[in-house]
Amino acid sequence: FGFQRVGDLAWAAGDMQARGSLLGGAVVLERTKDDVDLLCLRERARFIEGDAFEVALGGPDDVIIASHILQHFSERRCLELMRRLAAALKPDGRLVIHDFVSGARPADEPFPYLFSVIMLGSTREGEAHSLDTYQRLLHDAALSPPEVHQSQGMPSHFLITGRENHR
């Protein structure tokens, strides 16, 4: 797993001057480099190998995208990482969490619950966290309540938040 750090929102809008940093383990970064090469963005990308809890994050960044990383950790570890990511944001920066989010009832949205069973077998403490859990953790990390968006064609959500004092 890993997360992407985009130095400027304009990268997504096609600004040819924007740059981004991508962090992950060695295996993840090798695959990521292939994807970046397919997009012809190698000269605008910086690759950081390491543990998201330990490596220097740099910053400040306009946007940090944490995609499918928080599902690997307990609430305690998620809060620790959210605080690290918040500290790497510009004052008006945004943290975008892309992950599976469990709902109030498994019958309404079963995939996150099934995914949590998989996480029990492949991690020590991972799960698909609920929206209530994310809201509480974001609040405790001094981040604002998230805007929540359903992914198109996937059973995942985007939660977009920023520093509490800038919303």
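Which exposed residues does the face of helix 4 turned away from its buried side carry? The exercises below, on a predicted model, lead to this and related points.

**Exercise 1. Describe the two faces of helix 4.**

Step 1. Locate the element: helix 4 covers residues 131-140.

Step 2. List its buried residues, taking buried as under 20% relative accessible area. They are T133, Y134, L137 and L138.

Step 3. Check how these four are spread around the axis. Their arc is only 130°, so they lie on the same side of helix 4.

Step 4. Turn to the face pointing away from that buried side. Exposed residues there are D132 and H139, which settles the opening question.

Step 5. Find the packing partners. The buried residues of helix 4 pack against helix 2, strand 5 (89-99) and strand 7 (157-162).

Step 6. Look just past the end of the helix. A142, just after helix 4, has a positive phi of about 65°.

**Exercise 2. Repeat the analysis for helix 2 and check its length.**

Step 1. Helix 2 spans residues 75-87, 13 residues in total.

Step 2. Compare its reach with the expected value. From first C-alpha to last, helix 2 extends 18 Å, close to the 18 Å expected at 1.5 Å a residue.

Step 3. Name the buried residues of helix 2: C78, L79, L81, M82, L85 and A86. Because they cover an arc of only 165° around the axis, they sit on the same side of helix 2.

Step 4. The other side of helix 2 has R76 and A87 exposed.

**Exercise 3. Establish the disulfide count and the surroundings of C40 and C78.**

Step 1. A disulfide is a covalent bond between the sulfur atoms of two cysteines.

Step 2. Searching the whole structure gives zero disulfides.

Step 3. Classify C40. Its relative accessible area is 58%, so C40 is exposed.

Step 4. Classify C78. Its relative accessibility is 1%, so C78 is buried. C78 is also one of the buried residues of helix 2.

**Exercise 4. Summarise the chain as a whole.**

Step 1. Count the elements: the chain has four helices and seven strands.

Step 2. Write their order. Starting at the N terminus, the elements run β-β-α-β-β-α-β-α-α-β-β.

Step 3. Assess burial: 44% of the 167 residues of the chain count as buried.

Step 4. Assess contact range. Of the contacts between residues at least 6 apart in sequence, 66% join residues at least 24 apart.

Step 5. Assess the surface. About 8900 Å² of the chain is exposed, and carbon and sulfur atoms supply 56% of that area.

Methods
Residues are numbered from 1 along each chain as its sequence is written. This is a predicted model: local features need pLDDT of at least 70, side-chain atom pairs count only at pLDDT 80 or more; totals for chains, interfaces and linings use all residues. Side-chain values use heavy atoms; hydrogens and water are left out. A disulfide is a pair of cysteine sulfur atoms within 2.5 Å. Buried means under 20% relative accessible area, exposed over 50%, partly exposed in between (1.4 Å probe, protein chains only). Helices (H or I, at least four residues) and strands (E, at least two) are DSSP runs, numbered from the N terminus. Contact means heavy atoms within 4.5 Å. Accessible areas come from the Shrake-Rupley method with a 1.4 Å probe; for residues, only the protein chains shown count as cover. The expected span of a helix is 1.5 Å times one less than its number of residues. The arc is that of the directions from the helix axis to the C-beta atoms.
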